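This report follows the domains of two chains, a pair of packed helices and the contact between the chains. The structure is shown first.

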Amino acid sequence: MLRKTFITLSFGLVIVSLFSCKKWLDLQPQDGITGAEFWKTKEQVQGAVVGIYASLLGSPTNSRPLAEHLFLWGELRADMVSATTSTTNEEIDVINVNILPTNSIANWRTIYQTINYCNTVIDFAPGVLAQDATFTQAALNQYLSEAKALRGLMYFYLVRTFGEVPLKLQATSSDQQLIQIPKSNADTVLNQIEKDLNEAEANAVFTFGNQASDKGRITRYTINAIQADVYLWREKYNECVTACNKVINANKFGLIDGTSSGAWFNILYVNGNSNEGIFELQFDRQKINSFYTMLTTSRRRFQASPIVMDEIYTVDFIDPDKKDIRGDGASVRATDNTIWKYIGITSTTSRAQEESYAHWIIYRYADILLMKAEALNQLGSGQEALDLVYAVRNRARALDATDLNPPASDKSAVADFILQERAREFAFEGKRWFDLLRNARRNDYQQLDLLLSMVATTVPPDRQQSAITKFRDKNSHYLPVYFYEIQTDPALVQNPFYR
Amino acid sequence: MKSILSTITAVFLTLAVVLTFGSCKKVAIVTSTTDVVNIYDYLKQHPDQYSSLVKIVDKSGYAGFLNAYGSYTLFAPTNDAVQLYLTEINKTIDQVTEDEAKNIVKFHLMEDTITTAAFKDGKLPLVTMYGQYLITSITNSGGVSSFNVNRQALVVTGNILTGNGFIHSIDHVLKPASKSVAQLISDNPAFSIFKQALVETGLYDTLNTINLTNPSRRWLTVLAETNQALADSGITSYNALKARYSNTGNPRNPLDSLYIYVAYHIIPDARYLADIVSATSHLSLQPLEVLASSLDGERVLINDIDFNGVHEIGVELQRSTSDISATNGVLHTALAHFSPKVRLPTAVYWDVADFPEVRKLPAIFRRASFTFAAGSIADITWEKSDAPNDLRYNFSPLNSTNFHVAFLDNLILRLGATGARNFWYQFRTPIIVKGKYKVWVCYRTQKGSGSIGQPGGSFNPVQVTINNQVMSRPVTFTDQRPNLSDGEMEALGWKRYTVRTEQYMTGKFVGIVDITTTDRHLLRLQSLAAAGTGQDVNNLDMIHFIPVDQHQYLPRFDRDGTKVFQ
């Protein structure tokens, strides 16, 4: 009996082992997909492209999300945000023009991650044509245009923030490809951005057929908007006007009506993806942004600077009903200087934490109008420029106190007016510092005073003189290379201001 | 044979074993937790930069503690810097004496770790071991900005981390100040009148000594007036100055106005401009006289204040000729003449519901009610930061039949000694001139339970403190004033502060306060134990500071704030 059981058992074991041992030499990872398995079908290409967009919403490695980086880079060094008791030391150091290379706000990792995703698509997607017969050249070109446009946009943020950055155009897809590259100068990077955008423009679609994709993915209009911004930065005003006109003449965008300030706020900021939006980061209930803890409650890290209401929007003390719809109740809650744009669901009620998915708007139609105005003014068409500015102002019922009323022939007065109008229109949208810097550096830093007088008001009194003199050094307008990058890549040279 | 074989085998085996062990390479065992060297070793490791400094350190005898545990910051002059210095003093490095070497090292060394992030416009937070402050700033030359130490040296490389502190490499040797504040003033002919005033009042000697016995007089800051500044005010000579001020004829007398004038220009501490603008007021050497300071754009202003609704234009301290370090203090240059204002005590009728934050809200200010969260008002603070304890700004319209507060507004304080309500509120007053005042707390009586004027119900006595000085009588927000004549009421410590005759519009005398400095002061309301859990609504409308010798119950206030003198 016992023997029979033993034989049966052994027999059973042998049979089981025969079947189970088949894969014992298979070294494929169980929890991921290898390159050899990927890049076979058009669905995988689409997945990779969508992955780029996903990386814009939050970094997979838990470093600071992109939108927060753009907020910090675009606002901290400018004059519209001020610190609270909960602001971190690193953030205060940036506000105080006291940045050291160890400051993690200067860590560009998040942006290069997205750039690497773009590079991966650009390197590998063409190979899928041979693998998947249903994948067409047209579809490939469209995906490539999205990847190139996003790569251009990311480099544009980098070059404006760091001045000079390493230009990495090939994917890092294996350990053998870890190479150490030096920084490229700003012109090389900007030329590459223009090249990417031009290549992308030809193949980009005009529409994806639905509103969310049109605002959340790269269309040809998005590319035109980025181009306009790049040309404006490079002082190529004719090209900038041309790029803006492509968006304007499409007749697909407009300013959201401001007759009812509540409806305007709701359509443009609370819901997002409005007729005015061109490219917005699509936060939603599944992927909320990081602004809730940053801007609400008593633990908020930032609040609006007092000058936002006092000087930028101003208050009509005689008739409180007359107000700039972009000011109190939209950009800011004047009673306690809360930055309201990403927090409010109406002018008075705030979002709950799980509702904190206000889109981060990268470009919208008002931006196109004001970029065009800025370029036209530089080209000598002051009146046309002013017409555009007043179109934006009238939509928002801007107060008379903020109307500088510059003569159309006075180029620098019109430029100042446009700069101030941009502060009102794009408050806390991550544009203020870049606007100031662009105007300051125009014609070989002709208007450096813009930055000097700005910083005199933002730093504490006992650091004022230091900050002003630091800003006289052009290199100080750009962030340092993060110390970790310098340690790991000996080819990188630190910005001389931070040595 | 067999035994020989086995012996040979044994020998070989033993040899093999011995050889194996012997040939084993010695494993490099790391015995230290870090290979970061200390300051002195760092200098020795970089002779191309610091060999001269090492020689000086060796000579000073401080090499030992520079290599011991601790936390130091060393400003390390490079070889070129030391060479420049030696050329200047016309010595070779071997001719530097031990004392000189000691002083050089001491002046470049601080006993704490300080990175460039702590460099501000003024002095570093602590003195060097030499005993003088170092000041920092930024210099821009040829478009390149770099840190400047003591206006003498630029930082070449900052924040070099060593085992016992930071090294900042600098391109010049730092030289300590050798003159006292008095000598600095006397060296500059532009200060000749002011200098003579110093001499005549005897304060010149105070400024010419390093007072080591009285630490509060160790450092002195002088805001010196140039001859030009005095001339602008019509004073062209010392005699003119003396004629204008000296009332006793003896400027050495501390009660003489000329002495007071000079003492008012001295602050007993090392206050660089950055320190001056970081605080709003500074006590001068003249007892109880305050210098107000502010920053207007980039200009540093003294006594630029709003007083009784009038703006008084301040005096600028010239940045380029200020912040001059001396052995015993700092010298600044004032661009205009200023002196302590003789102000007679003036009544302050303080509408507590009028503060800058609410004025910025035109839709609210004297138009609607609003709630302010803790921390959103600069000059009013309170104990608890939860929402129910937020400060309520209450508006009551002109046609209100039972709420006749002045200026149409008041603050609603939520006070109680125990439980969930605020234990205290603290206010910063408007500027009050020094003198003796009667303090009146004016409120609209309200009782959470029970009826006003009847015994029982809510009871909420509150203690008033001004600059930590407790007022003799409490104010009870649940009590109304008695219905008596003005004279009788004043005798009992009550007054009718509005034109309305309702008894619940109450002014309560809380005591006499001796305000010693003309400045803004701290007023605190704190529940007394008898209040228990207190009540939610305590309507504070105004606080009056009325000089003891002035009329106490007039003027009264109308709803719109007009003063009525009957």
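## Domains of chain B

In this predicted model, the domain assignment splits chain B into domain 1 (39-170), domain 2 (181-334) and domain 3 (348-564). Taken over C-alpha atoms, the centres of domain 1 of chain B and domain 2 of chain B are separated by 33 Å. The contact between these two domains draws 7 residues from domain 1 of chain B and 8 residues from domain 2 of chain B, and the domain 1 side of that contact is made up of 2 nonpolar, 2 polar and 3 charged residues.

## Domains of chain A

For chain A the assignment gives domain 1 (42-69 + 100-252 + 479-498), which is built from separate segments, and domain 2 (253-442). Their C-alpha centres lie 26 Å apart, and 28 residues of domain 1 of chain A are in contact with 26 residues of domain 2 of chain A.

On the domain 1 side of this contact, at least two residues each are supplied by α2 (42-57), α3 (66-75), α8 (211-216), α9 (220-233) and α10 of chain A. By class, that side has 17 nonpolar, 5 polar and 6 charged residues.

## Helices α10 and α14 of chain A

Helix α14 (residues 365-379) of chain A has 15 residues, which at 1.5 Å a residue should span 21 Å, and the distance of 21 Å between its end C-alpha atoms agrees with this expectation. Because 14 of the 15 residues of α14(A) are buried, this helix is largely enclosed by the rest of the structure. Just after α14(A), A:G380 adopts a positive phi of about 100°.

The axis of helix α10 (residues 237-248) of chain A comes within 9 Å of the axis of α14(A), and the two cross at roughly 150°, in a crossing that is left-handed. From α10(A) the contact involves A:Y237, A:N238, A:C240, A:V241, A:C244, A:V247 and A:I248, while α14(A) contributes A:I368, A:M371, A:K372, A:A375, A:L376, A:Q378 and A:L379. The residues of this helix contact divide into 11 nonpolar, 2 polar and 1 charged.

## Contact between chains A and B

Where chain A meets chain B, the contact takes 27 residues from chain A and 29 residues from chain B. Within the chain A side, the largest share, 5 residues, is provided by helix α19 (residues 464-471) of chain A. The residues on this side of chain A comprise 9 nonpolar, 8 polar and 10 charged.

Methods. Residues are numbered from 1 along each chain as its sequence is written. Chains are lettered from A and ligands numbered from 1 in the order in which they are written. This is a predicted model: local features need pLDDT of at least 70, side-chain atom pairs count only at pLDDT 80 or more; totals for chains, interfaces and linings use all residues. Helices (H or I, at least four residues) and strands (E, at least two) are DSSP runs, numbered from the N terminus. Ala, Val, Leu, Ile, Met, Phe, Trp, Tyr, Cys and Pro count as nonpolar, Asp, Glu, Lys and Arg as charged, and the others, Gly among them, as polar. Domain bounds come from an automatic or database domain assignment. The expected span of a helix is 1.5 Å times one less than its number of residues. A residue is buried if 20 or more other C-beta atoms lie within 10 Å of its own, exposed if 12 or fewer, and partly exposed in between; C-beta atoms are placed from the backbone. Axes are lines fitted to C-alpha atoms, for helices over the stretch in contact, and angles run from 0 to 180 degrees between N-to-C directions. A crossing is left-handed if the near helix is turned anticlockwise from the far one by less than a right angle, and right-handed if clockwise.
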